[in-house]
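Work through the exercises below with the model open beside you, and try each task before reading its solution.

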Amino acid sequence: MTNDRREERVPVDGSTPQGELVAAHWARLSLTVDGAMQALRSRGIAIEQATADDLHGLDMLHMGGLAATDALAEMAALQTGQHVLDVGAGVGGPARRMAHKHGARLWGVELSKSVCQTAVALTALVRLQDQVQFKQGSALALPFPDGAFDVVVMQHVAMQVAEKERLFGECVRVLNGGGVLALHEIFAGEGGPPFFPLAWATDPAMSSLETFDECSARLARMGLSLGAFRDTSAEGQQYHLANMKAMQQALAHEEGAHGRSVDVTRMRLQTATSMERNLRERRLQVAMAVYRRTRDMNAA
Ligand SMILES: C[S@@+](CC[C@H](N)C(=O)[O-])C[C@H]1O[C@@H](n2cnc3c(N)ncnc32)[C@H](O)[C@@H]1O
């Protein structure tokens with residue numbers, strides 16, 4: 001199985017030098033359609049009968065996988081028919097889950113062209129294209145009008161975007177009055193600077209961490225009230241430990257893990273090893289937080 005995609009440079013509104021590095025990183029590491037199909041076949045699942053559930057062991061690019069997306073949707077009290085935007089949607093796993101399990105209508109925005117194409121193709125593969133759509137675009141210039149969504153979800157994206165005011169300003173802008181922002185994000189911890197490589201950054205230029213308190217204070221200034229909070233750092237550490245074991249076992253047989261090639265699995269094992277240490281030493285914090293838009297962003 002190969003995974004030697006190179007990101008085709010397609011400038012989008014809001015693209016930055018950091019964004020280009022980040023998009024290329026995820027284009028190289030993310031699941032491909034071929035990788036997904038091979039993984040399905042190896043489990044004896046006929047491609048034309050595959051469901052969104054069959055992909056979830058492969059298509060969630062965040063700590064905690066499916067269980068974390070479900071927990072976030074529950075914290076946000078996601079409802080049937082709600083209009084939801086997934087910012088930094090990756091290959092679309094969380095968006096498909098929220099449509100399939102909760103009956104929501106999803107848009108996903110994804111910076112990398114090839115990752116976005118994979119999200120579209122996997123969604124068609126499991127016949128959810130009427131409920132879940134994707135646009136290639138930047139979180140710094142969301143291609144939607146003001147107030148378009150009931151819920152905005154963001155999982156593991158903000159830590160690789162330096163322009164935090166603009167990023168969160170965009171998330172709030174597209175929320176309707178009373179809308180909900182559901183975050184599952186990675187923050188700077190109290191234990192000192194993290195060791196590299198990080199899951200999202202092989203180099204410090206690709207990483208822009210802030211503390212949870214800094215993030216929350218900004219959202220309060222933007223008119224959002226914190227409703228629920230959960231620290232998931234310990235679960236994140238266990239997630240990396242389990243992944244390290246699975247990847248070590250696969251590599252011992254010269255195989256890749258989770259629908260990725262051997263080379264990509266080797267890289268992911270390195271990052272999982274430093275991620276586990278960073279979480280154990282509290283150099284990173286992972287948390288879920290749900291906010292409600294209670295006043296206009298520009299109101300005094
Ligand atoms: C760790 S992955 C998470 C993907 C997805 N949220 C999930 O949990 O499965 C981060 C994703 O955010 C995307 N991303 C990073 N910066 C972005 C930006 N400025 N605008 C849109 N997407 C971005 C990356 O290309 C990558 O696919």
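The exercises that follow concern a predicted model, and each is given with a worked solution.

**Exercise 1. The helix α9**

Determine whether the end-to-end distance of α9 agrees with its number of residues, and establish how its buried residues are arranged about the axis.

Solution. Begin with the length: helix α9 covers residues 233–252, and at 1.5 Å a residue its 20 residues should span 28 Å, which agrees with the 29 Å between its end C-alpha atoms. Next, list the buried positions, which are Gly236, Gln237, Tyr239, His240, Asn243 and Met247. Viewed down the axis of α9, these buried residues fall within an arc of 155 degrees, so they line one face of the helix. The spacing fits a general rule, because an α-helix has 3.6 residues a turn and residues three or four places apart therefore point the same way. Then turn to the face directed away from the buried side, where the exposed residues Ala234, Lys245, Gln249 and Ala252 are carried. The cover over the buried residues of α9 includes α10 (262–280) and β7 (284–293). Finally, look just past the helix, where α9 is followed by Glu254, a residue with a positive phi near 55 degrees.

**Exercise 2. The strand β4 and its partners**

Describe how far β4 is enclosed, and identify the strands with which β4 pairs.

Solution. Start with burial, for which the cut-off is 20 or more other C-beta atoms within 10 Å. In strand β4 (residues 149–155), 7 of the 7 residues are buried, so the strand is largely enclosed by the rest of the structure. On the side of β1 (residues 83–87), 4 bridges join that strand to β4 in a parallel arrangement, and Val84 stands opposite Val151 in β4. With β5 (residues 175–188), β4 pairs over 6 bridges, also in the parallel sense, and here Gln155 stands opposite His184 in β5. To close the path, follow the chain from β4 through helix α7 (residues 164–173) to β5, a β-α-β crossover that is right-handed.

**Exercise 3. A residue in the loop after β4**

Decide whether Ala158 is buried or exposed, and find its contacts beyond the neighbours within four places in sequence.

Solution. First locate Ala158, which lies in the loop between β4 and α7. Ala158 has 22 C-beta neighbours inside 10 Å and therefore counts as buried. Once the neighbours within four places in sequence are left aside, Ala158 is in contact with Lys164, Leu167 and Glu185. As a check on distance, Ala158 and Gly169 are 11 residues apart in sequence, and their C-alpha atoms are 12 Å apart in space.

**Exercise 4. The shell around the ligand**

Which element gives the largest share of the shell around the ligand, and how are the buried residues of that element arranged?

Solution. Count the shell first: 26 residues surround the ligand, the closest being Leu61, Gly88, Gly90, Leu111 and Ala139. The elements that give two or more residues to this shell are α1 (17–29), α5 (93–102) and β2 (105–110), and the largest share, 4 residues, comes from α1. Within α1, the buried residues are Gly19, Val22, Ala23, Trp26 and Ala27. Seen down the axis of α1, they fall within an arc of 135 degrees, so they line one face of the helix. The last step is to name what lies against them, and the buried residues of α1 pack against α6 (113–125).

Terms used:
Residues are numbered from 1 along each chain as its sequence is written. This is a predicted model: local features need pLDDT of at least 70, side-chain atom pairs count only at pLDDT 80 or more; totals for chains, interfaces and linings use all residues. The expected span of a helix is 1.5 Å times one less than its number of residues. A residue is buried if 20 or more other C-beta atoms lie within 10 Å of its own, exposed if 12 or fewer, and partly exposed in between; C-beta atoms are placed from the backbone. The arc is that of the directions from the helix axis to the C-beta atoms. Two residues are in contact if their C-beta atoms, placed from the backbone, lie within 7 Å. Two strands pair if DSSP finds at least two bridges between them. A crossover is right-handed if, with the strands pointing away from the viewer, the path from the first strand over the helix to the second runs clockwise. A residue is near a molecule or strand if its C-beta atom, placed from the backbone, lies within 6 Å of it.
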